[in-house]
Amino acid sequence: MALSTAPGKRVTACRLPHPQQGFAYVWALMLVLIMGIYLAQVGEAWQNRIQRSKEEELMRVGNEIRLAIKQYSEQNSTAGLQYPKTLQDLVQDPRVPFPRRYLRKAYKDPITGGDWLMIGGPGGGFMGVQSPSLQKPLKNDQFIQENASFKDAKSYQDWRFAHWPNQGGGRK
């Protein structure tokens, strides 16, 4: 609808907005907000699931390494307690000319994907491993006897998988 005020000039009439204009836009924004909140919760749950999986792998591999160190150190007890120098020594014992394996492979730390921190032992070897991660563990209770010292640990670095001499594997 066009109004004429002077020759050659046209003025258009303005429509007043209806009360429902912009309603769909507000609903779309609300939908995006709600979807964002749910996706954040799904992401957090997924991250927790991944971390729990890494924790289980850390427990399995750490306990396997502890047992391998125990077997390695007790193998030649006549020569005194000897600890491995590297993880590779647990894969192939360098003290004998034939294949003797305590580990299937030299595992990496499941939490960081990198190398372990070694817990030094007598004679220059190592008596255990621990993760270098300072991340707080999700699991903080109900550990098996060998891992009882992990209760209420502040970080994965506090989870030490070591064969302590004369203590059966667990630190007390």
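Colleague: What separates Lys70 and Glu74 in helix H1?
Modeller: A word on the source: this is a predicted model in which local features need pLDDT of at least 70 and side-chain atom pairs count only at pLDDT 80 or more, while totals for chains, interfaces and linings use all residues. Residues are numbered from 1 along each chain as its sequence is written, and side-chain values use heavy atoms, leaving out hydrogens and water. A helix here is a DSSP run of H or I with at least four residues, numbered from the N terminus. Lys70 and Glu74 are four residues apart in H1, so the separation is about one helical turn.

Colleague: At what N to O distance do the side chains of Lys70 and Glu74 meet?
Modeller: Side chains of opposite charge can pair when their charged atoms come close. The pair counts as a salt bridge (a side-chain nitrogen of Lys or Arg within 4 Å of a carboxyl oxygen of Asp or Glu). For Lys70 and Glu74, the N to O distance is 3.5 Å.

Colleague: Is Glu74 buried, partly exposed or exposed?
Modeller: Buried means under 20% relative accessible area, exposed means over 50%, and partly exposed is in between, with a 1.4 Å probe and protein chains only. Its partner Lys70 has 27%. Glu74 has 41%, so Glu74 is partly exposed.

Colleague: Which residue is linked with Glu57 and Arg60 in a network of salt bridges?
Modeller: Glu57 and Arg60 meet in a salt bridge at 2.8 Å, N to O. They are three residues apart in helix H1 (residues 23-75), so about one helical turn lies between them. Glu57 is partly exposed at 31%, and Arg60 is partly exposed at 39%. The network of salt bridges that links them also takes in Glu64.

Colleague: Is Asp93 buried or exposed?
Modeller: Asp93 meets Arg95 in a salt bridge at 2.9 Å, N to O. Arg95 is partly exposed at 25%. Its partner Asp93 has 0% relative accessibility, so Asp93 counts as buried.

Colleague: How much accessible area does the nonpolar patch on the surface have?
Modeller: Nonpolar patches join Val, Leu, Ile, Met, Phe, Trp or Tyr side chains within 5 Å, from residues with over 30% relative accessible area and no salt bridge (like charges are joined within 9 Å). Among the members are Phe23, Trp27 and Met30, and Met30 lies in helix H1 with 40% relative accessibility. By the Shrake-Rupley method with a 1.4 Å probe, where only the protein chains shown count as cover for residues, the patch has together about 880 Å².

Definitions and conventions: Helices (H or I, at least four residues) and strands (E, at least two) are DSSP runs, numbered from the N terminus.
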